[in-house]
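Here are my notes for you to read alongside the model. Keep the 3D view open and follow the points in order.

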Amino acid sequence: MRRGAVVGALSFLLGACAANKPPPAAEPASPAMQAPPPMQAQPYAPRTSPQGYPQPGYAPPPPTTPSRQAGADFDKAQRELEVAAGDCTNACRALSSMDRAAGRICSLTSGSDEDAQRCNEAKARVYSARDKVKSTCGNCPDTSVERSAPVPSTK
């Protein structure tokens, strides 16, 4: 018998046998073989990229309280003043930012001793910065350098 004929006959017989066999009973799948549960909706809104496109998988930053933001603005302005050194344009700009931030800190006080202390410390730091800018630069076009001027300056 030829080899091709033998292979053909075997294929025919196997196909016929398979056709007469009942399908195997379905066995319960093991936990490892079960499909994962569907993904749940995220409990947060996606962040956006600088171009405004959502970035899935990132939680938004925690909300910033106004007093914390004012304190951060104040600290940033003070660092800018320290860096400005002899550059009067930048020193005046930083002093103006400090002055406004101190005004916000004081406007956000709730009457507690802690808030009053925070306001007084911010004012003291502004007065010190005014003295420094006055001795270095003399004057600022938009902000008072006088210690007795109110915080924020009304110039």
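Where is the place of leucine 81? Leucine 81 sits in helix α2, the stretch covering residues 66-84. Bear in mind as you look around that this is a predicted model.

1. Start with the overall layout. The protein has four helices and two strands. Walk along from the N terminus and you meet the elements in the order α-β-β-α-α-α.

2. Next, the surface and the inside. About 11600 Å² of the protein is exposed, and carbon and sulfur atoms supply 58% of that. Of its 155 residues, 22% count as buried.

3. Now back to leucine 81. Its relative accessible area is 6%, and the cut-off for buried is under 20%, so leucine 81 counts as buried. Leaving aside residues up to four places away in sequence, leucine 81 touches Ala91, Ala94, Met98, Ala129 and Val133. Try one distance too: leucine 81 and serine 96 are 15 residues apart along the chain, and their C-alpha atoms are separated by 9.7 Å.

4. Have a look at aspartate 99 as well. Is aspartate 99 buried or exposed? Aspartate 99 is buried, with a relative accessible area of 3%. You'll find aspartate 99 in helix α3, which spans residues 88-107. Again skipping residues up to four places away in sequence, aspartate 99 touches Val126, Arg130, Thr143, Pro150, Val151, Pro152 and Ser153.

5. Last, contacts across the whole chain. Take the contacts between residues at least 6 apart in sequence: 47% of them join residues at least 24 apart.

Notes. Residues numbered from 1 in each chain as written. Predicted model: local features only at pLDDT ≥ 70, side-chain atom pairs only at ≥ 80, totals over all residues. Heavy atoms only, no water. Buried < 20%, exposed > 50% of the residue type's maximum accessible area, 1.4 Å probe, protein only. Contact = heavy atoms within 4.5 Å. Areas by Shrake-Rupley, 256 points an atom, 1.4 Å probe, with all protein chains shown as cover.
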